[in-house]
There are 2 protein chains.
Amino acid sequence: MATKENGTDGKKPGRVIDGPTNPMVTPLLNDLYQFTMAYAYWKAGKQSARSVFDLYFRKNPFGGEYTIFAGLEECIKFLANFNLTDEEIDFVRDSLPGCEEAFCDYLRGLDCSDIEVYAISEGSVVFPKVPLLRIEGPVAVVQLLETPFLNLINYASLVATNAARHRFVAGKSKLLLEFGARRAQCFCFVYGNIEMEENVIFVGLLLCCYNYGSNVAAGKLFGIPLRGTHSHAFVSSFMSLDEIVDKALRSSDGKSTCEDFVTLVQTCLSKIQSSSSLCGIFSETNQSELAAFTSYALAFPSAFLALVDTYDVMKSGIPNFCAVSLALNELGYKAVGIRLDSGDLAYLSTEARQFFCAIERELNVPDFGKMIITASNDLNEETVDALNKQGHEVDAFGIGTNLVTCYAQAALGCVFKLVEINNQPRIKLSEDVTKVSIPCKKRTYRLFGKEGYPLVDIMTGENEPPPKVGERLLCRHPFNESKWAYVVPQRVEELLKCYWRGNADEAREELEPLKEIRNRCIKQLENMRPDHMRRLNPTPYKVSVSAKLYDFIHFLWLNEAPVGELH
Amino acid sequence: MATKENGTDGKKPGRVIDGPTNPMVTPLLNDLYQFTMAYAYWKAGKQSARSVFDLYFRKNPFGGEYTIFAGLEECIKFLANFNLTDEEIDFVRDSLPGCEEAFCDYLRGLDCSDIEVYAISEGSVVFPKVPLLRIEGPVAVVQLLETPFLNLINYASLVATNAARHRFVAGKSKLLLEFGARRAQCFCFVYGNIEMEENVIFVGLLLCCYNYGSNVAAGKLFGIPLRGTHSHAFVSSFMSLDEIVDKALRSSDGKSTCEDFVTLVQTCLSKIQSSSSLCGIFSETNQSELAAFTSYALAFPSAFLALVDTYDVMKSGIPNFCAVSLALNELGYKAVGIRLDSGDLAYLSTEARQFFCAIERELNVPDFGKMIITASNDLNEETVDALNKQGHEVDAFGIGTNLVTCYAQAALGCVFKLVEINNQPRIKLSEDVTKVSIPCKKRTYRLFGKEGYPLVDIMTGENEPPPKVGERLLCRHPFNESKWAYVVPQRVEELLKCYWRGNADEAREELEPLKEIRNRCIKQLENMRPDHMRRLNPTPYKVSVSAKLYDFIHFLWLNEAPVGELH
């Protein structure tokens, strides 16, 4: 099955879902109640009742007004591999009190050949209440998809949205590095079925413009460019320059060899110390650190990037780094830059930049001022925003915990609601209006204005005529009578496309390569009206229903509400 | 390999780590910098330098003063399976600029036969700064363990702690149900190597006294007792009682059959409606709901548990539930209870209980008032606490999102610090005192007082004599000179035990069955002094160092600090 083919290199993917069934994938990753319900449906003879469910969320995460949709590919692969083994069926039987043997036969024959899934394309910017997936099929089977689909979409969409927000606050010109492997709530990525996991974890990051990752397995599997340097432990594992035995370093052009790079580094350090505008900033630098940097440069002369805060950034880390970089420079190499992992990142990055520029000026080293400054240390949207406001010289942000755990909001509340059964529309009422579901098998459209921005999403009944370009259309708030608007769309895009229709290959959309999903995401994010995207008090994007659907919702609502109550 | 054997049934486990290597497990789940450092160590000829690292956390999660340690078994299994394939080594080579072929040969020969791991027993109550694991071995190899170990321990310990806190706030007599499958940031549980995943995800929950789970795969793999009912969709999938075709129900004793259970239900509903103290609460109940409940009871007459808030709890859900329960009662069955998933759970549970008791009294149905009332709907520590303060009649709490995502704090900040290399103690300084590491290869002890409570944890140098029962001992705060205490322990427990010593089986602790880990956890939690455990302003548990270690820390600190600075 395709991994790299379906990865970032943009090649047309094979139809990965036609690959062999993975024995690890099981519909048993499910809430028990999906099976108790399946049994009850089956007992009532209505297991095959044709049902339509919508999967959607009610509120954008992170206090924002947009969400990125991800996780679809996993869902489609789950459908393709849907199968219960005899052993699993035995377990289900034992878990259901009084379970009849004939139900086990029914389970044995289950697959998703009678299921239809319409979905918004992965990587799209999406909004509350609009179905991300519309799943149609025998009610007992569709219910068995609820828990897996919610699981697969919740986190993937959440982390994709988080990554998009990081990109937004960091700005287009900065590098973003994913540093989360040690804090992720998941190890599956490597243990698991790597193809199945592709979208769930890392596409989220990728498609939202992270530039690099630190996770080697992710790099291998999905072609994510890797970045990494060294840790504090590496620095403190050295005692002194005496430890360095092999001191020789070939020059960049391979034409000569410096037999004692250590002495060259020491000479460069003295040069910095004796420079008029640089002296006074530091006296003696830490020798463990200097030894560690020198060793690291000997290992990676063409990719020297040092963590400079093990002892004292300005008094030791920066001068030591500059000494090693200058020595590399004499041999024709160019150091990459530094990483700061503690302290006032705005202040330290500015100081470091000044020091680099002073060296460029004083010691006449071209481009030395352009060293890449990477910042890490529990960064998140707020800290990056605060750094921006304070002013800084950081070129790259390494974000770990806050990216992968979605620390600011660790779950997206997707739900899976019955909207129609046996052609009868169904509504789920609630005292909390935001929890009322929108009934009917629906179509959904995005309407664009003159400037090219999306104006509003609209849901209609399945058989209503689609909105037409240039034609005035009444868009109503689904629940609030007084909220409505006439819209004349300049472009209309139908959002739900068929991604699964039983085993019929021809009739459905191809799963897209990562690169296309990523491009869609970037393009759609750029195409949003800026006031929906700002961090502070963003304007909610409007989600509406057609006049006909509005009337129908309220007709059902009145019919379903308890007698004697006015809703 | 053992799963159930190592599960909750308490059988002595096979030595699961001796099983065949799992091809999915790879040290490539790692930050790139662990490999760049390995290369730099190797280039400097110090890849085999004997190093000691401590894995610990700096702050208890969730605003509390304790943490539950989990994830150890995964780490030990990771060590046992540590192996890089040729393909993976090729990838590492391509990821390291200028990587020499001889380094690849070095990687090819790597295993954990020269690694020693000492750890606190899994399921223990643990505290900041005290090493959970002490890992000793060749520095390049130990660094390759950092990211996987942090990943495996961070989430497992976090979710275990979360579960323990839920038990604490709910009280011992309540049932706790795990409902998180749909919101977990992980699908690996089923896709992954199920044995490797055991501890990571679900032991956390199990060992902290959750009674039931909803996740079927978890139930199958780890023997977690399952609970589940039905969803709102099940209720709204029914229109009317006419849909029910097969209306017959055998009595509980199998001696008779009620040919029309539907009519029996309707009769019972009328009986409730005509009862003097019950009438007036409702007029007409929702017929979809009644049909759904009736159907569900026909499928599970001995395990009838209904979700009663699809329409209106008191006007429809409760009377419908009672009608079906009374009908079941007439056939010798006993309904289990209800689930409330919205609204004021304190109020509704109290009202429901009163209604059940009124039926018990008015209609003379023994034990009807004892129906189990389950509450769900985004529950967390705070909401359970608030319910307790308000007063409620809930018997069981179903907690999903807030349990599995650790929504209140989605990561535990474990770190992995070098404390010694080639017998030289190392310290990591920081302007932030809480970030200063405690140097040296250490032993750690828990000292218990007269009442049996743990009093203090103390770290000593490796070769110091252990604390003795009945002997006065000076316990010092590691960094604060003015904080110290003399302690006379009544019992001393050494915390770190050897769980891995290369391939030498004899010399190390057995991995324990889940049941033992769980029992340890429960016992230790019960044995804590109550003021450490309370939710509001708990007293911090004291963590100390010996006088000798204190002096040594501060000697090193002075030596390492930048010249001219007073720390």
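In what order do the six strands of the open, antiparallel sheet of chain A stand? The order is β15-β14-β1-β5-β3-β21. This comes from a predicted model.

**Chain A: the overall picture**

Chain A has 18 helices and 22 strands. Of its 567 residues, 64% count as buried. Contacts in chain A with a separation of 6 or more were also sorted by distance along the sequence: residues 24 or more positions apart account for 74% of them.

**Chain A: the six-stranded sheet**

At the edges of the open sheet stand β15 (424-425) and β21 (497-501) of chain A. Each has a single partner strand, so one side of each is left without a neighbour in the sheet. Inside the order, β3 (residues 116-119) and β5 (residues 133-138) of chain A run antiparallel and are joined by four bridges. One residue pair in this ladder is A:A119 with its bridge partner A:L133 in β5(A).

A helix covers part of this sheet. α5(A) packs on the sheet and touches β1 (50-57), β3, β5 and β14 (414-421) of chain A. The direction of α5(A) makes about 155 degrees with that of β5(A).

**Chain A: a helix pair**

α5(A) (residues 139-170) also packs against α1(A) (residues 32-43). Their axes are 9 Å apart, at an angle of about 175 degrees. Angles over 145 degrees count as roughly antiparallel, and the two helices are therefore roughly antiparallel to each other. On the α1(A) side, the contact is made by A:Y33, A:Q34, A:F35, A:M37, A:A38 and A:Y41. On the α5(A) side, A:V139, A:A140, A:Q143, A:L144, A:E146 and A:T147 take part. By class, the contact has eight nonpolar, three polar and one charged residues.

**Chain A: an annotated span**

UniProt, in an unreviewed entry, lists residues 336-435 of chain A as "domain: Nicotinate/nicotinamide phosphoribosyltransferase". In the model, this span is 32% helix and 22% strand. Its end C-alpha atoms lie 52 Å apart.

**Chain B: a covered strand**

Are the faces of β6(B) (residues 175-178) covered or open? Both faces are covered. B:L175 and B:L177 lie on one side, B:L176 and B:E178 on the other, and all are buried. β6(B) pairs in the parallel sense with β13(B) (residues 396-399) over four bridges. There, B:L175 stands opposite B:A396. β6(B) also runs parallel to β7(B) (residues 212-213), with two bridges between them. In that pairing, B:E178 has B:G213 as its bridge partner.

**Chain B: a mixed sheet**

Chain B holds an open sheet of six strands with mixed pairing, in the order β19-β18-β22-β17-β16-β20. Its edge strands are β19 (484-487) and β20 (491-494), and each pairs on one side only. Neighbouring strands are turned by 35 degrees against each other on average, direction ignored. β16(B) (residues 442-448) and β20(B) pair in the antiparallel sense over four bridges. Within this pairing, B:R446 has B:E493 as its bridge partner.

α18(B) (residues 547-560) packs on this sheet. The helix touches β16, β17 (454-461), β18 (473-476) and β22 (542-546) of chain B. Its direction makes about 80 degrees with that of β22(B).

**Strand pairs side by side**

| Strand pair | Sense | Bridges |
|---|---|---|
| β3(A) and β5(A) | antiparallel | four bridges |
| β6(B) and β13(B) | parallel | four bridges |
| β6(B) and β7(B) | parallel | two bridges |
| β16(B) and β20(B) | antiparallel | four bridges |

Technical notes:
Residues numbered from 1 in each chain as written. Chains lettered and ligands numbered in written order. Predicted model: local features only at pLDDT ≥ 70, side-chain atom pairs only at ≥ 80, totals over all residues. Heavy atoms only, no water. Buried < 20%, exposed > 50% of the residue type's maximum accessible area, 1.4 Å probe, protein only. Pairing = 2+ DSSP bridges. Axes fitted to C-alpha atoms, helices over the stretch in contact; angles between N-to-C directions. Parallel < 35°, antiparallel > 145°, perpendicular 65-115°, else oblique. Contact = heavy atoms within 4.5 Å. Nonpolar A, V, L, I, M, F, W, Y, C, P; charged D, E, K, R; others polar. UniProt positions renumbered as here; feature names shortened; annotations may be inferred.
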